[in-house]
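Subject: Structure for your attention

Dear colleague,

Please find below the structure that I am handing over to you. My notes on it follow, and I would ask you to read them with the structure open beside you.

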Amino acid sequence: LNVERFRSSSGYLFDPYDGARSLVDIVVDGLLDPTRLERIESIRQESTAGALSASEVMAALLKQAFPTPAGGNGLQSVVQTETAEALMNLAGSANAPPEVKSEAWAAVLSLQRTLAAQTSNPTVERLRAEVALFLRDPRQFVPHRPAAAAPTGPPVGGG
């Protein structure tokens, strides 16, 4: 068993969508970790001007996932889906501190506005519906994200 391989829905073939999903999960889940965002907010409260805020992290993620003008391909839809669902998970999380949940809710509302301005395509349509359902009842419609298919252990070359 080689722990440095991505699990692939295509069997032994590398699936670029699974690879992209794993990479996005690593980055987005790392940036949207509730404990990390709480530390960012604490540092911002204690420091002078210029400190990063949780809302700035979320806004930067949305800006990168949903560029204007909209472009992209299938891999961009993976980035958009994973980013949107991670934000909804954070906003609906029972474990996130109230300050972080509040910023996540604001980001989901910003996502809703961003999606409304996007050119319609299957991913945008699906995410519009998903966000609308989530905002209607977050306990019932929080996205269920599968576990990342990233290889276990430290990155290659780490150690």
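Asp18 and Arg21 both lie in helix α1, and since they are 3 residues apart there, about one helical turn separates them. Their side chains meet in a salt bridge, with a distance of 3.0 Å from N to O. I should add at once that this is a predicted model, and the values in this message are computed from it.

The two partners of this salt bridge differ in their surroundings. Asp18 has a relative accessibility of 12%, and because buried means under 20%, Asp18 counts as buried. Arg21, with a relative accessible area of 27%, is partly exposed. The pair also belongs to a network of salt bridges that links Asp18, Arg21 and Glu82.

Two further salt bridges may be read in a similar way. In helix α2, which covers residues 34-46, Glu41 and Arg44 are 3 residues apart and therefore separated by about one helical turn. The closest N and O atoms of Glu41 and Arg44 are 2.9 Å apart, and the two form a salt bridge. Glu41 is buried, its relative accessible area being 9%, whereas Arg44 counts as partly exposed at 30% relative accessibility.

In helix α6, which covers residues 122-136, Arg126 and Glu130 are 4 residues apart, so about one helical turn lies between them. Here the salt bridge has its closest N and O atoms 3.4 Å apart. Arg126 counts as partly exposed at 36% relative accessibility, while Glu130, at 16%, counts as buried. The count of salt bridges in the model comes to 5.

Having looked at these details, you may wish to place them in the chain as a whole. The secondary structure comes to 7 helices and 0 strands, and along the sequence the pattern reads α-α-α-α-α-α-α. The chain has 159 residues, and buried residues make up 34% of them.

How do helices α4 and α5 lie with respect to each other? Helix α4 consists of residues 74-91 and helix α5 of residues 98-117; the two pack at an angle of about 140°, and their axes are 8 Å apart. An angle over 145 degrees would count as roughly antiparallel, and one of 65 to 115 degrees as roughly perpendicular, with the rest counted as oblique once those under 35 degrees are set aside as roughly parallel. The helices α4 and α5 are therefore oblique to each other. Their crossing is left-handed.

Helix α4 also contains Gln76. This residue is buried, with a relative accessible area of 17%. Along the chain Gln76 and Ala20 are 56 residues apart, yet in the model 9.0 Å separates their C-alpha atoms.

Finally, I would draw your attention to the surface. Leu23, Ile26, Val27 and Leu31 form a nonpolar patch there, and together these residues have about 360 Å² of accessible area. One of them, Val27, is found in helix α1, which covers residues 16-31. Val27 counts as partly exposed because its relative accessibility is 48%, and the range for partly exposed lies between 20% and 50%.

With kind regards,
A colleague

Conventions. Residues numbered from 1 in each chain as written. Predicted model: local features only at pLDDT ≥ 70, side-chain atom pairs only at ≥ 80, totals over all residues. Heavy atoms only, no water. Patch = residues over 30% accessible without salt bridge, like charges linked within 9 Å, V, L, I, M, F, W, Y side chains within 5 Å. Areas by Shrake-Rupley, 256 points an atom, 1.4 Å probe, with all protein chains shown as cover. Salt bridge = Lys/Arg side-chain N within 4 Å of Asp/Glu carboxyl O. Buried < 20%, exposed > 50% of the residue type's maximum accessible area, 1.4 Å probe, protein only. Axes fitted to C-alpha atoms, helices over the stretch in contact; angles between N-to-C directions. Left-handed = near helix turned anticlockwise from the far one by under 90°.
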